[in-house]
Amino acid sequence: MTPVVQFHYRVDPLLFFPDLDLAGLDPGAWYLRPPYCEDGFLVVDIGAFVVRTPERTLLVDAGVGNGKARPNACFDRRADEWLVAPGEIDTVVFTHLHVDHVGFATRFDGSAWVPAFPDARHLTTAAELEYWTGTDPDGFRERLGDYVGDSVLPLRAAGLLDVVAPDHRICPEVRLLPAPGHTPGNVCVEVVSEGRRAVFAGDMVHHPLQLARPSLSTDFCVHGACATHSREALLRDVADTDTLLFPAHFPDAVPGRVVTDPAGGYRYEPVTR
Ligand SMILES: [Zn+2]
């Protein structure tokens, strides 16, 4: 497994969690200190993971991408180094179809956005594809830009997008875990190998603040209460076990173990080699 961090991103806590009582938080709490917070901003790194199994090389999510017009100035027309070679990947798994998870799936060929991994299958779920290619009932596409048009539809047009069940098994070591709420067809990716287990959690936990307070969903969650339910179930499942959690946006994409905090919620024990 190799993390591929595209860029280091800092977000106003109230942009992510508009109802958060900032004054009610202990400023010395572990999740409000570096590396998780800097100068009052939440650190939300953007990137992806490459997962290698004996038969597959998977890319889990695909960052914001480069050169794409976006309303969010931090995502707009990026020009970042990206170290994933097109021929290396045979399977691209989207935990969900948000703007910061699909970007590198396409590249501009001089006249159009085309698949960046033309030899790879790209996996999403029916609920996810239907929601993001539908009528935009909640106005998210308006808010996030037409990233579906430049990053998802070209995959479908090229016949490279597979709609799979939310518990689909990709290969003996890798399967999807349903985790709806953040988006309607959101999934996690579970890898079990040689008796060890990892869960690529996507945006189930955007920021460690949500480990301390699992009921906290973001302003980008389509169904906040459902996202909370899925997050609480995931954290109960992995807490106090050997399972390694790989959240999509933690600083430098460092995985960790989740442990019950006697003071409430959970803590994160990062694992670095
Ligand atoms: Zn995200």
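Which residue in strand 18 is the bridge partner of Thr260? Keep that one in mind while you get your bearings; the tour comes back to it at the end. One caution before you click around: this is a predicted model.

**The whole chain**

Show everything as a cartoon first. The protein chain has 8 helices and 18 strands. Along the principal axes, its C-alpha atoms fill a box of roughly 55 × 45 × 35 Å. For 273 residues, a compact globule would have a radius of gyration near 19 Å, and the 18 Å of this chain agrees with that. Colour by burial and 41% of the 273 residues count as buried. If you draw a contact map, look away from the diagonal: among contacts with a separation of 6 or more, 66% are between residues 24 or more positions apart.

**The six-stranded sheet**

Now select strands 1, 5, 6, 7, 10 and 11. They make an open sheet in the order 1-5-6-7-10-11, with mixed pairing. Strand 1 (2–7) and strand 11 (161–164) are the edges, each pairing on one side only. Turn the sheet so you look across the strands, and you can follow a twist that averages 25° from one strand to the next.

Zoom in on strand 5 (residues 46–52) and strand 6 (residues 57–60). These two run antiparallel and are joined by 4 bridges. Pick Val50 and you'll find Leu59 of strand 6 standing opposite.

**Into the core**

Leu59 is a handy stepping stone, as it is one of the contacts of Val92. Select Val92 and, skipping its neighbours within four places in sequence, you should pick up Leu59, Ala62, Ala105, Phe117, Ala120, His122 and Leu123. Val92 also belongs to the largest nonpolar core, which has 61 residues. Within that core, the members that touch the most others are Val60, Val92, Cys188, Val189, Phe200 and Ala201. Show those as sticks and leave them on.

**Strand 14 and its partners**

Next, select strand 14 (187–193) and strand 15 (196–202). Is strand 14 out in the open or enclosed? Largely enclosed by the rest of the structure, because 5 of its 7 residues are buried.

Strand 14 has a partner in strand 13 (residues 174–178), which pairs with it in the antiparallel sense over 5 bridges. Val174 is the bridge partner of Val191 there. Strand 15 also pairs antiparallel with strand 14, again over 5 bridges, and Glu190 stands opposite Val199 in strand 15.

Follow strand 14 into the turn. The hairpin it forms with strand 15 has 2 residues between the strands. Stop at Glu194, whose phi near 50° is a positive value in a residue other than glycine. Glu194 counts as exposed because there are just 5 other C-beta atoms within 10 Å.

**Asp203, on the inside**

Carry on past strand 15 to Asp203, in the loop between that strand and helix 7 (209–212). Is Asp203 buried or exposed? Buried, because it has 28 C-beta neighbours inside 10 Å, against a cut-off of 20 or more. Leaving out neighbours within four places in sequence, its contacts are Thr95, His96, His182 and Ala248. If you want a distance to draw, try the C-alpha atoms of Asp203 and Ala227: they are 24 residues apart along the chain and separated by 9.6 Å.

**Back towards the N terminus**

Select strands 2, 3 and 4 for another open sheet, with the order 2-4-3 and antiparallel pairing. The edges here are strand 2 (10–11) and strand 3 (37–38), each pairing on one side only. Strand 3 and strand 4 (residues 41–43) share 2 bridges, and Cys37 stands opposite Leu42.

Two backbone details deserve a click. In the loop between helix 1 (13–16) and strand 3 you'll find Pro35, and the peptide bond from Pro34 to Pro35 is cis, with omega near 5°. Then look at Asp39, in the loop between strand 3 and strand 4. It has a positive phi, near 50°, without being a glycine, and Asp39 counts as exposed because it has 6 C-beta neighbours inside 10 Å.

**Last stop: strands 17 and 18**

Finish with strand 17 (residues 256–260) and strand 18 (residues 266–270), an antiparallel pair joined by 5 bridges. Here's the partner from the opening: Thr260 is bridged to Tyr266. The hairpin has 5 residues between the strands, and in it Gly264 takes a positive phi near 120°.

Definitions and conventions:
Residues numbered from 1 in each chain as written. Predicted model: local features only at pLDDT ≥ 70, side-chain atom pairs only at ≥ 80, totals over all residues. Core = buried A, V, L, I, M, F, W, Y, C linked by C-beta atoms within 7 Å. Buried ≥ 20, exposed ≤ 12 C-beta atoms within 10 Å, placed from the backbone. Contact = placed C-beta atoms within 7 Å. Pairing = 2+ DSSP bridges. Rg over C-alpha atoms; globule rule 2.2 N^0.38 Å. Axes fitted to C-alpha atoms, helices over the stretch in contact; angles between N-to-C directions.
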